[in-house]
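Here's a quick walk through a few spots worth pulling up in your viewer. Have the sequence handy as you read.

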Amino acid sequence: MKTVGEACIWLKENLKSVYGLEELDPVVLLVLHSITKLSPTQLRAFPEKQLSEAQIQMLLLSAQKLQTGMPVQYVLGETEFFGLKFEINPSVLIPRPETEELVAWVLGEKGNLSGDKRSGERDKKSGEREKLKVESSMPKAILDIGTGSGCIPIAIKKNWPQAEVFGLDISVEALQTAQKNALLNEVRVGVFQQDILNFIPVKEASRYSIIVSNPPYITLKEQKLMHHNVLAFEPHLALFVPENDPLLFYRKIADYASFTLQKYGLLFFEINEKYGRQVVDLLKTKNFTAVELRKDLGGKDRMVRAKLG
């Protein structure tokens, strides 16, 4: 095994018992790209390219880890999200494509946040219209709850540089990863530790224009249906909720948002497809309005947006 072509054949042979036919080729290309820095097109075009001894050793080690079922993102220590590169380790969830859709929905609000638009539309005075225009251009504060790798706030900050963006998590290890990823992507994102399930409400000025969260939402019953590589390697703290209280995090985050969102601020959730209507009803009982349930590209109920007040 001295060339790219030989490495490709060897990897497929050694990983075919771990991956299905549809997964195998993408995984092999990811591994070879990470080791050789060649694009998929280059890997196919130059199978005769020689591998160095160091690259061969990296390939052997990667294959050994992949054979245990470890997700390829953890093996390589990196993944892509919203066109950006992120360092990934077992202290944080692997970012999913569905969460990219959530980020895109948040970014769609860039030109829309300007306080109470309806009252501004009713008042036709030019001074009031100018005031709304100025407010719309002012920096917005955005918080991601359960930030993990930092993929959500970093992707938002990269595409909304005028906003102040923050990430909150209970895990110190996750926050350290998020800080590294902010540096990697050359953005300033503030991070802080907090247990969202045990926050103490305080009377203080509302701070955020947007709160977004992809909280734990998988029940223990659903755990039995999950793939081994998720259960064995991804952090359970970020995945699971009690069987008898599947909306636990949505309820607590909605309460937190009630204290920390500005008037007419927005709350975005990624959700378990089975509980879309229940999340909508929950938010309505918490005095949120204009609650919208949206499907992902796969046609599943996946995201909710609501307005405070």
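What follows is a short tour of some strands, helices and one single residue in a predicted model.

## Two strands and the helix between

Start with strand E4, which covers residues 164–169. E4 pairs with strand E5 (residues 190–193), and the two run in the parallel sense with 4 bridges. If you want a spot to click on, try Phe166: its bridge partner in E5 is Gly190.

Helix H10 takes up residues 172–184. Together, E4, H10 and E5 form a β-α-β unit, and its hand is right.

## Where H2 meets H4

People describe a packed pair of helices by the angle between the axes and the distance between them. Here, helix H2 (residues 21–36) and helix H4 (residues 53–66) have axes that come within 10 Å and cross at roughly 145°. The crossing of H2 over H4 is right-handed.

So which residues in H2 and H4 meet? From H2 you get Val27, Val31, Leu32, Ile35 and Thr36, and from H4 there's Gln55, Met58, Leu59, Ser62 and Leu66. Sorted by class, that contact has 7 nonpolar residues, 3 polar ones and no charged ones.

## A look at Asp281

Now hop over to helix H14, residues 276–285, where Asp281 sits. Is Asp281 buried or exposed? Neither, quite: Asp281 counts as partly exposed because its relative accessible area is 39%, and that label covers values from 20% to 50%.

For another landmark, find Val291, 10 residues away from Asp281 along the chain. The C-alpha atoms of Asp281 and Val291 are 8.8 Å apart.

How values were computed
Residues are numbered from 1 along each chain as its sequence is written. This is a predicted model: local features need pLDDT of at least 70, side-chain atom pairs count only at pLDDT 80 or more; totals for chains, interfaces and linings use all residues. Side-chain values use heavy atoms; hydrogens and water are left out. Two strands pair if DSSP finds at least two bridges between them. A crossover is right-handed if, with the strands pointing away from the viewer, the path from the first strand over the helix to the second runs clockwise. Axes are lines fitted to C-alpha atoms, for helices over the stretch in contact, and angles run from 0 to 180 degrees between N-to-C directions. A crossing is left-handed if the near helix is turned anticlockwise from the far one by less than a right angle, and right-handed if clockwise. Contact means heavy atoms within 4.5 Å. Ala, Val, Leu, Ile, Met, Phe, Trp, Tyr, Cys and Pro count as nonpolar, Asp, Glu, Lys and Arg as charged, and the others, Gly among them, as polar. Buried means under 20% relative accessible area, exposed over 50%, partly exposed in between (1.4 Å probe, protein chains only).
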